[in-house]
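Open your viewer and get ready to click along. We will go from stop to stop, selecting a few residues each time.

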Amino acid sequence: MEDRFKCIAMVGSGALLGSVSTLFLLRILRRKLESQSSSMKAIEVDRNEFKAAPTIKNCKVVEDRGGGMAGEDLLKDDIVSEQLTRNIQFFGLEFQQKVTASYVVVIGLGGVGSHAASMLLRSGVGRLLLVDFDQVCFRCYPTAQVFLNWKKRTTGKQTGFNLLIICNIILIYWLHEKVSLSSLNRHAVAMREDVGIPKAECLKKHFSAIFPECQIDARVSLYDASSEEDILSGDPDFVLDCIDNIDTKVALLAACVRRGLKVLSATGAGARADPTRIRVADLRESTNDPLSRSVRHRLRKDYGIEGGIPVVFSLEKPKVKLLPFKGSNGEEDNPADYQIVPGFRVRIIPVLGTIPAIFGQIMASYVVTQLAGFEVHTEPVVNLDTDHYHILHQRLIEHEELLYGTAMQVQVDVAEVMYIVKELWRGRSARDQSIEHVGRGMWRSVKELILVRWDQRKPASVSNLILLKFKEADEHESRTLDDIKENEPEYFERVTSVLKRAELDFGL
């Protein structure tokens, strides 16, 4: 009798839930239709006003911009070229054409991804694929908690439970991927009227008004093995990983490495407040970030990937902790018990909205300059303090006196030693600059490092000093540059290129 009563109660609950979800669907549909109607009226008015404007001359008007234009032809449109004037002035026309001809995939459209995608659009990227399948905040569907509690307690007959699962799926479909009120503190373009709209569709709606010539494909989809080919095919010029789920992030990064795709990954932006500590570096160099630590471990363990993936991360230790997860009884509970689908995040990460926005802006800047072929040297992650630079400077002077009998040809001070060590050699030996050595050569002390002249015939200047380990320095000073050039041409060219950068930076 008791089981029968439970079944009847569950069926009744399922029917009620189905009715509520249907009403919710109709409400969203009505709002969407009204929004589209208003947008079409506004566009029609704007178009009429634009056609009537007598002051705009020599402008080629493209009536149907929704489908986008070919990348190389984009800048031939007078309106587009005017909109991207500042970028053209910065990069030059030829290099901006590379940007407008590019195809970029952005996966994860929350606080980080929405800002990254927004600035890629505003920078003139000609084709964007926007993908998002965000996780539902637990508070959005308390009925799911009731169902799962019942499931944990009930064994035997499952009459009525399938109905509950179907209704739950309806809820997941309508509540996942939506803009929520709580996301407005960090989303790039969403407004209150967008609450309830899938994030991908929300971005496409706003992006079409900002830069309608861009070809935008918005997909409400979860990235996994089954969707990999659909999302990563088409030979994208860059992939932006803005996912906060470890399993999905690791799978995406491994797929990009396997396919030979350029990828930039965002690590944890939540629970931080200091924008001056945000860096772009190899995954191996990221510190103080639990997410990147876990990703690094999983990539090495599951896929044998040691590094070579650039990431945006913060050197700042998280300022606050995850909010405690509370069950239906108001007491703390295990979040894993409430995941409708494995991997869904149900705990709340406190976020200061400015930080994920800056993460996204940095990602966009990095990608756009890469697409344009514009060389940018990111600030290295070097774990040295001021005393270390003083030690290296003093060590240089003593070495010069020992080798040449005088330190008169030392033409650098401590500030220039800091530039040489940090900016030119990134705190590592000049022989440990390749990707496979990233992370292993990050020195927390200087006890094994010394500055020596590259060309012994020239003074110890900012453009003639290299950082080496003691044994490497002894070997270097026993050889000539001609010998190095002949036997190690790649090493010679790399060092020469770095020292030429110093000449340019100091106007030598």
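Is K249 buried or exposed? Select it and look: K249 is buried, because its relative accessible area is 2% (buried means under 20% relative accessible area, exposed over 50%, and partly exposed in between, using a 1.4 Å probe and protein chains only). K249 sits in helix α11, residues 246-259. Helices (H or I, at least four residues) and strands (E, at least two) are DSSP runs, numbered from the N terminus. Now show the neighbours: leaving aside residues up to four places away in sequence, K249 touches D241, I243, S265, A266, L291 and V295, where contact means heavy atoms within 4.5 Å.

A word on what you are viewing: this is a predicted model, in which local features need pLDDT of at least 70 and side-chain atom pairs count only at pLDDT 80 or more, while totals for chains, interfaces and linings use all residues. Residues are numbered from 1 along each chain as its sequence is written, and side-chain values use heavy atoms, with hydrogens and water left out.

**Stop two: the cores**

Next, select V104, L120 and L240. These residues have the most contacts inside the largest nonpolar core, which has 43 residues. A nonpolar core is a set of buried Ala, Val, Leu, Ile, Met, Phe, Trp, Tyr and Cys residues joined through side-chain atoms within 4.5 Å. Colour helix α13 (residues 354-372) as well: its nine residues are the largest share of this core.

Stay with L240 for a moment. Among the residues L240 touches, not counting those up to four places away in sequence, are V104, V105, V106, I107, L120, M363 and V367. Then move on to I420, L451, A460 and A502, which are among the 35 residues of another core, lying apart from the largest one.

**Stop three: two backbone surprises**

Select D235, in the loop between α10 (228-232) and β4 (238-241). D235 is not a glycine, yet its phi is positive, about 55°. This residue counts as exposed because its relative accessibility is 62%.

Now jump to R426, in the loop between α15 (414-424) and β8 (449-453). R426 also has a positive phi of about 55° without being a glycine. Here the relative accessible area is 16%, so R426 is buried.

**Stop four: charged pairs**

Side chains of opposite charge can pair when their charged atoms come close. How many salt bridges does the structure hold? There are 20, each being a side-chain nitrogen of Lys or Arg within 4 Å of a carboxyl oxygen of Asp or Glu.

Start with R219 and D230, whose side chains meet in a salt bridge at 2.8 Å, N to O. R219 lies in strand β3 (residues 215-220) and D230 in helix α10, so this pair ties together parts 11 residues apart in sequence. R219 is partly exposed, at 22% relative accessibility, and D230 is partly exposed too, at 46%.

Next door in the sequence, select E229, which forms a salt bridge with R259; their closest N and O atoms are 2.7 Å apart. This pair links helix α10, home of E229, to helix α11, home of R259, across 30 residues. R259 is partly exposed, with a relative accessible area of 31%.

For a longer reach, show E285 and R428, a salt bridge with its closest N and O atoms 3.8 Å apart. E285 is in the loop between β6 (278-282) and α12 (290-303), R428 is in the loop between α15 and β8, and they are 143 residues apart. Both E285 and R428 are buried.

Finish by selecting R431, E475, R479, D483 and E488: salt bridges that share partners join them into one network.
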